[in-house]
Structures are given as C-alpha cells and as structure tokens.
Amino acid sequence: MAHQMHAYHMVDPSPWPLTGAAAALLMTSGLAMWFHHNSMLLMTLGLLIMLLTMFQWWRDVIREGTFQGHHTPPVQKGLRYGMILFITSEVFFFIGFFWAFYHSSLAPTPELGGCWPPTGITPLNPFEVPLLNTAVLLASGVTITWTHHSLMEMNRNQTIQALTITILLGLYFTALQAMEYYEAPFTIADGVYGSTFFVATGFHGLHVIIGSTFLIVCLLRQIKFHFTSTHHFGFEAAAWYWHFVDVVWLFLYVSIYWWGS
Amino acid sequence: MASRLLLRVLRRALPGGGRTAAPARAMSVGGIPSDEEQSTGLERKTLEAMKKGQDPYSILKPKGYAGTREDPHIVPSINKKRLVGCICEEDNSAVIWFWLHAGESQRCPSCGAHYKLVHHDVPH
C-alpha cells in the first residue's frame, strides 16, 4: 500500500462541490422564478439540495478528521486559516450594510425630513428588548468560554451543560428578535430607515441561526465523544463564529438601535 | 446563580486556577478523552512520532546548518540520491542544481557549501 511522505490531507473525490453548485444555480434562478413567475418550486428544490449538500459534506469532514485521523497538526492549521478568512469575509459583508446605514443616516435627505430617524418613523426603544438581547448575547459569550475551558479541563458534564445554556441563550435571542419584528411599528418598506434596519438586523439574525445550528452540531458531537481535550477545532470554529455574531450585534445595537434613535 | 457562574469562569481564567494535571486515562476521570486515548490514523502517527522527538512527515521547519565541512547541510532522502538546489546568496535568482549522492558530503559548485545525504525512513 502506498504511503504518503507528508502530513497533509489529499481529499478523496467527492460529489458535494458539484451538488452545491447545482443548488446555487437552482436557488438563484428559483429566486427569479419566484419574483417574476409566481413559482417557488425551483427555489425550494435549490434550498433542499443546499441543505443536503451541507449535511453530507460536513458529515464527510467529520468522518475524515475524527474517525480516520486525517486532521494532523498542519491540516488543522489550514482549517484555522480557512475559518479566520471566512469570518473576515463575513465582517466585510456586514461592513457594507453599516456603510449603507451611515451613508443615509449621517446626511438625511429632504425627502426624510432632513432628520434621523426620518419623519414618521418611531424607532424601537433601545433600552427595552434590544438591551435584553444585548445582555443575552453577552451572556452567551461567557457561557461559550466556560464551555471551552471545561472541554480543555476534560470535564464532560460541565462542557455539555455550558454548551446547552449557550444554545438556549441563542434561541432566546432569536425568539425575542422574531417577536420584535412582528411587533415593530415600521416595516422594510418604510423608506431607507426600514431598508437599512431590516436588512442589517435580518442578516444578523440569519447569522445567529447559522451560529446556533453550528453550536447544536457541536453539542451532538460532544455528547458522542468526538472531541478530545486538545483537539476540538470544530468547536473552536463554532466559538469564533459565535463571538463574531456577538460583536456584529454590539455594533448594530450601538449604531442602529441607540445612535440611530 | 449568575455570580457563581461568573466566579467559575474567572477562576478558570486565572493562571493555574482550577487546573489540574491532565491524567493519561481521562475518560475515567472527567469524561472527555485525550488525544493519547482517541487519536487515530495519520494524526496518531504524527503525534506519537513527535512524542519520541521524531518528524517522519517533515512537519517541522528544516534546521539551519552552517554548511561547513564540520556542520554540513543535512539532506534527508528515501533514495540513495536527491536533487539539491543551492541559493548561494539570499535573493539569487540563479539556483545551482546538482545531484547529491549517499556517502561523503559534496560541495556546491558555485559557493562551496557542504551538503550531506542522510537516509530518511519511509513512514509506515
């Protein structure tokens, strides 16, 4: 049997990049079909194939790393770089929406009444549910740090407890935000205020849901003994992503909810 | 409850606070396995070799040698000869290529640095 002389992982051929590309095509063309031809079929199919691709691809990564031992130290280092670069790209994604918000709010046009918030908009009180949301996410940052330390100290029970609390806090945030969206006195159609508010907070909410899902996967893996006290990069990646989501919320809170009111 | 949680996190954050030496058989104590117990495949091979001070998969940076007769550049090879490309001076764009054979150390035809072939085991 031929053995490699290096510590890197030459991945076996896989169909998931192709199915992922197919899903992207179906979702984008499906979006156009939904907008213009009153059909959600293509988009729904695209979404389903995307979810299946993600599930199977990442299941294979877990098989390769945890069950087959392909994630040597250099491979892990590469995964770390990858996650950091991905999060950096997401930071720039949000920078765009903050740019849009500040562009419109720093120099409000006459159509808005020359003021911010624009005439007719009653913004949400930043010291009510938004402040609670801030506390919830900050607390989840503490509990995820507790989780990490418990993991490194080989304490299984506390790792599981702390991670569960982190996830519950994340779900609590999502539920509170959903309620706020339902009860808000303004909509996305209410001028540039509505657009900037709901697009920025909406994408943030989507990232909270993604982060919570990532954490739930980590919880399941932890329960199934995948992580060791020194090798648990999947969890570290989830924790980095979760802290990023928290930091984006802090910027949202200070800029849109507080200064923007 | 919250203050107890906070105290726990703070205690962990302090250097050496709350931390005990990780036992080899961690599953019997805390419930989270160690790499020693659970690593497998190539990862396990690299970790075990590192514990013995070996680097069969060339993970670490190659050591710097003086290149003199007493301290020649050590060139590991699984065969009896290996190509060497000598960049005599930093930023030289003309690389001096030559075959290095097993046996006595050879010198770069341009700058005279010494190179010695050393057998490197194929990792199994």
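Where is the place of A:Phe225 in chain A? A:Phe225 sits in the loop between H6 and H7 of chain A, and this is a handy spot from which to start a tour of the model. The model is a predicted one, in which local features need pLDDT of at least 70 and side-chain atom pairs count only at pLDDT 80 or more, while totals for chains, interfaces and linings use all residues. Residues are numbered from 1 along each chain as its sequence is written, chains are lettered from A and ligands numbered from 1 in the order in which they are written, and side-chain values use heavy atoms, with hydrogens and water left out.

Back to the loop. The phi of A:Phe225 is near 65°, a positive value in a residue other than glycine. A:Phe225 is partly exposed, with a relative accessible area of 33%; here buried stands for under 20% relative accessible area, exposed for over 50%, and partly exposed for in between (1.4 Å probe, protein chains only). Another loop of chain A holds a similar case: A:Asn38, between helix H1 (16–37) and helix H2 (41–67), has a positive phi of about 55° although it is not a glycine. A:Asn38 is exposed, with a relative accessible area of 75%. The loop between H3 and H4 of chain A contains A:Pro117, and the peptide bond leading to A:Pro117 from A:Trp116 is cis, with omega near -5°. Helices and strands are taken from DSSP runs (H or I, at least four residues, for helices; E, at least two, for strands) and numbered from the N terminus.

What about the helices on either side of A:Phe225? The axes of helix H6 (residues 191–223) and helix H7 (residues 233–259) of chain A come within 9 Å and cross at roughly 160°. That makes H6(A) roughly antiparallel to H7(A). Axes are lines fitted to C-alpha atoms, for helices over the stretch in contact, with angles from 0 to 180 degrees between N-to-C directions; under 35 degrees counts as roughly parallel, over 145 as roughly antiparallel, 65 to 115 as roughly perpendicular and the rest as oblique. The crossing of H6(A) and H7(A) is left-handed, a term used if the near helix is turned anticlockwise from the far one by less than a right angle, and right-handed if clockwise. Their contact has 19 nonpolar, seven polar and one charged residues. In this scheme Ala, Val, Leu, Ile, Met, Phe, Trp, Tyr, Cys and Pro count as nonpolar, Asp, Glu, Lys and Arg as charged, and the others, Gly among them, as polar.

H7(A) also packs against H4(A): their axes come within 10 Å and cross at roughly 160°. That makes H4(A) roughly antiparallel to H7(A), and the crossing is left-handed. The contact of H4(A) with H7(A) divides into 13 nonpolar, eight polar and two charged residues. H6(A), for its part, packs with H5(A) at an angle of about 155°, the axes being 10 Å apart. That makes H5(A) roughly antiparallel to H6(A), and H5(A) passes H6(A) in a left-handed crossing. Their contact holds 14 nonpolar, eleven polar and one charged residues.

These helices turn up again in the largest nonpolar core, which has 48 residues, with A:Phe197 and A:Phe235 having the most contacts inside it. Such a core is a set of buried Ala, Val, Leu, Ile, Met, Phe, Trp, Tyr and Cys residues joined through side-chain atoms within 4.5 Å. Two or more residues each come from helix H3 (73–106), helix H4 (129–152), helix H5 (156–183), H6 and H7 of chain A. The largest share, 15 residues, comes from H7(A).

The UniProt record (unreviewed entry) annotates "transmembrane region" at several stretches of chain A, including residues 79–102 and 197–220. Residues 79–102 are 100% helix and 0% strand, with end C-alpha atoms 35 Å apart. Residues 197–220 are likewise 100% helix and 0% strand, and their end C-alpha atoms lie 34 Å apart.

Chain B has three helices and five strands, running α-α-α-β-β-β-β-β from the N terminus on. Of its 124 residues, 27% count as buried. One buried residue is B:Gly67, with a relative accessible area of 7%, in the loop between helix H3 (41–51) and strand S1 (73–77) of chain B. The C-alpha atoms of B:Gly67 and B:Pro109 are separated by 13 Å, and the two residues are 42 residues apart along the chain.

Notes:
UniProt positions renumbered as here; feature names shortened; annotations may be inferred.
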